[in-house]
Amino acid sequence: METEPCVRSEHNWVQDLADTYHRNLIEKTDPVVMQWPLVGRDRLNLFIIFCYVMFVNIIGPRLMKNRKPFDLRWLMVPYNIALVIVNFYVFIEFLKIRLVLSHTDSCATLDLKNDSNIFRLAEITWWFYLTKYIELADTVFFVLRKKDRQLSRLHLVHHSTVPLIIFGLLRSEPGGANTFFPLANAFVHCVMYTYYAVSALGDDVTVHLKFKKYVTMTQMIQFILVLCYVASRPFYGCNLSTISIYGNMCLAGFFFILFCNFYWNEYLVNKEEARKQALLNSEASANGKKTT
């Protein structure tokens, strides 16, 4: 008798979650969009991410434990260049269509019959969505090359959640205000994969590459812009759903905090520690000279 309220409460929580999912990610999804590859396959999306996380955390490290790092430069350079080209194409297509739309139009959700521009935005979002799964190869390369330092928690969380976020955008309200994050992210990834392509050429090039921290700063600015954009939409008459507004803001805020933490530890704390270590080394060297 005492456990019945808890059981009922848990049942209500599960039922509310199921109702929210059905209302926002099934009833709202256009039948045409549902036929696009991966969009209508809920379990397949989750299975791909599950396999990715398992490989990065368990299978990959065990596979490489007693092996030498693979030299994948021959693959990584064309891979990164291809992603620069694809992301640039996606960015230009988004920008080209959004520039011709008014504020009200850019808030509109998918309308297959009446607005070819809004449908095209949704279609480009789908191409962008596919690149998120291709980009999972970034982490696979890190594992096979034994670049453990680059396998940060931020990297893993970012790559494993963004595909699911874009999946949610396509299933709920594609084609309108939800295309701002893909627009900004495509531009950021043009910059990021340019850096990856140059750094993959070899250590001699990497030594002279100075803008790594600016890539991180660009990513942080991206999430600030997403927060400001989504928060301002109601003032432009956008009738976005609650899940779109709070979903975009919470996720952009969450990633902004993660990137700030990464920037602090990677470029400020580590730099200060390196400076102190260099000072200690110079003092030790000076003391050594005095004693001789």
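This passage looks at helix α8, the nonpolar core and the aromatic pairs of a predicted model.

Helix α8 is a handy place to start. It covers residues 180-199, and at 1.5 Å a residue its 20 residues should span 28 Å; the end C-alpha atoms sit 29 Å apart, which agrees. As for its surroundings, 15 of those 20 residues are buried, so the rest of the structure largely encloses α8. One of the residues in this helix is N185. With a relative accessibility of just 1%, N185 falls under the 20% cut-off and so counts as buried. Setting aside neighbours within four places in sequence, N185 is in contact with F128, K132 and Q222.

Helix α8 also feeds into the largest nonpolar core, a set of 65 residues in which W36, V39, Y129, I166 and Y193 have the most contacts. Elements giving two or more residues to this core are α3 (42-64), α4 (73-100), α5 (116-134), α6 (137-144), α7 (153-172), α8, α10 (212-232) and α11 (242-291). The top contributor is α4, with nine residues. In soluble globular proteins, nonpolar side chains do tend to be buried together. Around Y129, once residues up to four places away in sequence are left out, the list of touching residues runs to P37, L38, V39, N45, P163, I166, F167 and L170. Two of these, V39 and I166, are themselves among the residues with the most contacts inside the core.

Aromatic rings turn up a lot here, with 16 aromatic pairs in the structure. Y79 and Y193 make an edge-to-face pair, with 6.4 Å between centres and 85° between planes. This pair bridges distant parts of the chain, given that Y79 belongs to helix α4 and Y193 to helix α8, 114 residues apart. Both partners are tucked away: Y79 is buried at a relative accessible area of 13%, and Y193 is buried at 0%. A stacked arrangement shows up for F180 and Y229, whose centres are 4.1 Å apart and whose planes differ by 10°. Since F180 is in helix α8 and Y229 in helix α10, the pair ties together parts that lie 49 residues apart in sequence. F180 is buried, with a relative accessible area of 17%, and Y229 is buried too, at 10%.

Two further details round out the aromatic picture. Y79 and Y193 belong to one aromatic cluster that also takes in F141, Y195 and Y196. Y229, for its part, has R233 lying over its face, at 3.9 Å from the ring centre.

Definitions and conventions: Residues numbered from 1 in each chain as written. Predicted model: local features only at pLDDT ≥ 70, side-chain atom pairs only at ≥ 80, totals over all residues. Heavy atoms only, no water. Helix = DSSP H or I, 4+ residues; strand = E, 2+ residues; numbered from the N terminus. Expected span 1.5 Å × (residues − 1). Buried < 20%, exposed > 50% of the residue type's maximum accessible area, 1.4 Å probe, protein only. Core = buried A, V, L, I, M, F, W, Y, C linked by side-chain atoms within 4.5 Å. Contact = heavy atoms within 4.5 Å. Phe/Tyr/Trp six-rings, centres within 6.5 Å; stacked < 30°, edge-to-face > 60°. Lys NZ or Arg CZ within 6 Å of the ring centre and 35° of its normal.
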